[in-house]
Amino acid sequence: MADATASFKDVPELFEVELGEALTARTESLSTFRELGPPDLCHIVKSTGRTGQRDIGSYHFVSGVDASSSASLAAYINSLTYSIEDNSAWFSKSTAWKVRNGCYCCFNAFSRVDIRVDVKIPGGVVAYVVDLRGERHEATPEIWQETYLSALLRAILYSDDPTYWLEAYRKLDPITTIEGELRFLQAAEALFMKGWQVGSDPEIQVATVVSNHLTAGVMKYFGDSGRCQPAANLFEKLAAREPEIASLLARSYIGMNEEVKAVQIMSAAMKHTPHSYTLLHVQSDFLRSKGRPDWALKLAREAVNCAPSEFVTWEKLTELYIDTKDYESALLTLNSCPMFTFNGRDAHRALVPAKVHLPFQRQIGDILPEKTKSEDDVADPALLRLPAPGLRGTWARAYSLLTRLVSDIGWDELLKTRSVVFVMEEEYRMQKAQAEIQKVVISNGTRDVNNSVTVIHEDGSVTAGSATLADDDASTRGMSSPLSETESKPEIENGLNVSAIPIIRVSSESDTEREIAESTGNGIVEQDEATESARVQGMTLEKPVQAAAGEEPEPSQSSNSNQEAFSFTNKRLCERWLDNLFMVLYEDLRVWTIFRAEVAHFKTQHVAYRKTGLEWEILGDLGIRLHHKEEAKEAYQRCLDTSRYSQKPWAKLLEMYAEEGDITRTIQAAIRVAAYQYADYTEMTYPTLIARCFFKLGQIHGHAKISFTLLSMGLPDPILKIMDSYLQYGKTFKVEGYDF
């Protein structure tokens with residue numbers, strides 16, 4: 001075990017049990033990195049130089065370091081030597097530890113190799129490449145360029161991702177000068193056509209030249225500061241080689257408020273790439289922003305036809321159906337969304353450290369609560385077990401659409417719409433009963449040939465069989481009544497060719513209940529308790545039953561034939577994942593209804609309503625998910641009154657205050673968020689949430705007003721220096737508002 005003098009003064013460290021185990025684990029994990037790869041690994045070996053004294057190894061993760069050459073990476077390791085040397089004084093009797101050597105590892109996401117720089121102090125620098133098999137190769141200039149761009153993209157895209165957390169992860173500014181930005185643009189231009197190799201967001205099924213992490217990084221870096229001109233210049237040059245890039249160029253010009261030029265570019269590009277869904281989406285978004293969702297809807301339909309296997313095309317179409325208040329079509333379209341398995345960001349294999357060293361920066365940490373577990377870090381199990389926060393990728397995006405639907409039309413109306421467009425369990429039972437009756441008729445020889453049952457098999461083939469096929473194997477076959485002349489033709493719904501008769505898969509009730517339990521976890525509170533709580537408060541919430549609870553048919557529908565009323569030809573089967581999301585939504589709404597009823601009850605009784613800090617935070621997240629912004633803001637504010645150590649409520653309020661244009665409250669929240677970030681070793685200015693919010697305010701009020709407001713608060717110098725760094729970035733890169 002290393003003593004205190006072996007630790008860095010201001011850099012987080014994880015000490016190894018066995019010397020070099022972090023490097024071995026990284027080499028073994030290289031083949032598991034699918035996309036951009038994990039943050040860089042910096043491994044350090046420290047020694048006292050005494051005979052018999054065992055060397056110790058430590059490591060930390062870092063992003064934002066210039067990875068354009070071995071010299072720049074060696075310079076970072078060399079900078080660490082000063083941190084450890086400052087720990088010992090000339091009169092100290094303790095053993096003086098020195099950095100003997102270091103190894104910096106940076107993953108190349110283009111060539112799928114790890115570039116490593118070994119630094120010996122004193123001594124030389126050796127750079128080499130480690131492939132997925134662990135073999136060494138020489139580092140070429142092309143490899144270095146790819147590594148440089150890979151490191152920049154990780155620094156930009158991982159900068160403020162709340163779902164990606166690593167212990168001892170240090171984040172530094174990736175680009176600090178105009179020259180550095182130009183190098184970034186040059187590297188992006190040189191490797192743009194290979195961008196699909198680094199992967200894409202989890203909502204994108206197939207990475208393309210315009211939908212990948214490289215384009216996402218470029219748009220995020222320039223879009224967050226509202227400086228789309230450099231991005232437009234880059235895409236202008238590239239669009240000449242690849243017409244599909246016109247969609248990114250048009251988006252950049254719209255960001256610059258050059259809408260006429262953007263429309264001209266889109267018009268010209270449509271002649272060359274009429275089947276580009278990204279180009280159709282840019283046009284659709286533009287029309288939507290101009291208040292013409294009906295026109296945008298036509299483009300979104302065409303985008304679905306162009307890329308039916310992409311989630312984002314169906315998502316856009318659903319959004320526009322909601323905008324145009326066609327809720328039945330919105331629900332049907334949501335049901336058609338292709339869902340993908342979520343693959344999170346690449347990460348290192350977790351090792352158990354011998355010791356963890358996380359130095360606390362006292363200069364900014366004084367304004368934060370104590371980082372100790374307290375009663376404000378516990379919550380009601382019903383809140384902790386809510387399944388919605390665990391949704392990721394396409395599942396989270398689909399759930400967001402569902403919550404928008406319920407926000408627009410209400411829960412009861414949503415259930416009615418669901419029963420109108422989807423086959424309910426009750427309808428299936430009645431259809432099955434009709435089949436049983438027909439079977440009896442056939443057995444008595446009284447059935448006419450013209451009323452034979454049409455059976456649709458899994459492979460899509462249609463046969464006229466006897467009603468004895470209508471048994472419990474209906475889970476893999478579809479049944480329908482005889483089609484009329486008009487029904488026999490494929491119907492056109494939502495501008496898409498859809499088969500008139502769906503293949504039906506219906507599970508038994510026991511399977512249904514089991515799958516509900518599996519999908520929503522063990523967090524469903526007893527229904528009796530929910531009903532009682534809601535009844536006491538005079539509020540009720542109808543519980544959806546999976547593929548059940550269908551409404552009785554209208555009298556006009558059932559007057560002719562019960563079989564026709566429950567015909568499957570005019571309804572779809574609800575996908576199991578969407579059924580599960582309805583149960584997730586029900587849990588959120590049930591908890592939210594009880595919470596608001598309790599708040600109203602306590603207010604009428606003039607009694608303080610108390611919750612722990614974690615409970616207020618969860619309720620704030622719940623309000624955001626269900627689009628109750630004001631109630632969510634109140635919950636986050638109540639969380640701040642507790643002693644809970646958490647950045648989330650401050651970060652959420654920072655976004656809300658910036659959206660409202662409230663300078664004073666935005667700065668107050670930004671100070672706390674900056675303190676939390678520096679306490680977690682995020683020593684970067686841009687791109688971050690604070691910079692994005694400051695630049696949003698700066699476009700309206702100017703940076704000078706923000707600067708004067710900061711000065712008027714009388715902040716301590718270290719904190720004032722940190723807050724001023726965001727404005728200095730705006731001044732260096734001439735962000736809109738820097739000069740007034």
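This report walks through the cores, two helices and some unusual backbone spots of one structure. Keep in mind that the model is predicted.

**The cores**

Let's start on the inside. The largest nonpolar core has 101 residues, and the members that touch the most others are Phe184, Val218, Tyr221, Phe235, Ile690, Phe694 and Met723. The biggest share of this core comes from helix α26 (residues 663-679), which gives 11 residues. Apart from it lies another core of 66 residues, with Leu299, Ala300, Leu332 and Ile618 among them.

Which residues does phenylalanine 235 touch, leaving out those up to four places away in sequence? The list is Phe192, Val218, Met219, Ile245, Leu248, Leu249 and Ser252.

**Helix α9**

Next up is helix α9, which covers residues 277-289. From its first C-alpha to its last, α9 reaches 18 Å, close to the 18 Å expected for its 13 residues at 1.5 Å a residue. Why can we call α9 largely enclosed by the rest of the structure? Because 10 of its 13 residues are buried, and buried here means under 20% relative accessible area. If you want to find them, look for Tyr277, Thr278, Leu279, Leu280, His281, Val282, Gln283, Ser284, Phe286 and Leu287. Packed against these buried residues are α7 (246-255), α8 (259-272), α10 (293-306) and α11 (311-323). Just after α9 you'll meet glycine 291, with a positive phi of about 80°.

**Helix α23 and its neighbour α25**

Helix α23 (613-625) also has 13 residues, and it reaches 19 Å from first C-alpha to last, close to the 18 Å expected at 1.5 Å a residue. With 12 of those 13 residues buried, α23 is largely enclosed by the rest of the structure. The buried ones include Trp616, Ile618, Leu619 and Leu622, but also Glu615, Glu617, Asp621 and Arg625. Ile618 turns up in the 66-residue core as well. Among the elements covering the buried residues of α23 are α14 (381-384), α15 (393-409), α22, α24 (629-640) and α25.

Now zoom in on one of those partners. Two packed helices are described by the angle between their axes and the distance between the axes. For α23 and helix α25 (residues 648-660), the axes come within 10 Å and cross at roughly 35°, and the crossing is left-handed. On the α23 side, Glu617, Asp621 and Ile624 make the contact, while α25 brings Lys648, Pro649, Lys652 and Met656. Sorted by class, this contact has three nonpolar residues, four charged ones and no polar ones. Just after α23, histidine 627 takes a positive phi of about 65°.

**Backbone oddities in the loops**

Two residues that aren't glycine show a positive phi out in loops. Asparagine 257 has a phi near 65° and sits between α7 and α8. Histidine 606, at about 55°, lies in the loop between α22 (576-604) and α23. Buried or exposed: which word fits asparagine 257? Its relative accessible area is 65%, so asparagine 257 is exposed, given that exposed means over 50%. Histidine 606 also counts as exposed, at 75% relative accessibility.

Finally, here are two cis peptide bonds that lead into a proline.

| Cis peptide bond | Omega | Loop holding the proline |
|---|---|---|
| Isoleucine 121 to proline 122 | near -10° | between β5 (113-120) and β6 (125-130) |
| Tyrosine 686 to proline 687 | near 0° | between β15 (682-683) and α27 (689-701) |

Note on methods. Residues are numbered from 1 along each chain as its sequence is written. This is a predicted model: local features need pLDDT of at least 70, side-chain atom pairs count only at pLDDT 80 or more; totals for chains, interfaces and linings use all residues. Side-chain values use heavy atoms; hydrogens and water are left out. A nonpolar core is a set of buried Ala, Val, Leu, Ile, Met, Phe, Trp, Tyr and Cys residues joined through side-chain atoms within 4.5 Å. Buried means under 20% relative accessible area, exposed over 50%, partly exposed in between (1.4 Å probe, protein chains only). Helices (H or I, at least four residues) and strands (E, at least two) are DSSP runs, numbered from the N terminus. Contact means heavy atoms within 4.5 Å. The expected span of a helix is 1.5 Å times one less than its number of residues. Axes are lines fitted to C-alpha atoms, for helices over the stretch in contact, and angles run from 0 to 180 degrees between N-to-C directions. A crossing is left-handed if the near helix is turned anticlockwise from the far one by less than a right angle, and right-handed if clockwise. Ala, Val, Leu, Ile, Met, Phe, Trp, Tyr, Cys and Pro count as nonpolar, Asp, Glu, Lys and Arg as charged, and the others, Gly among them, as polar.
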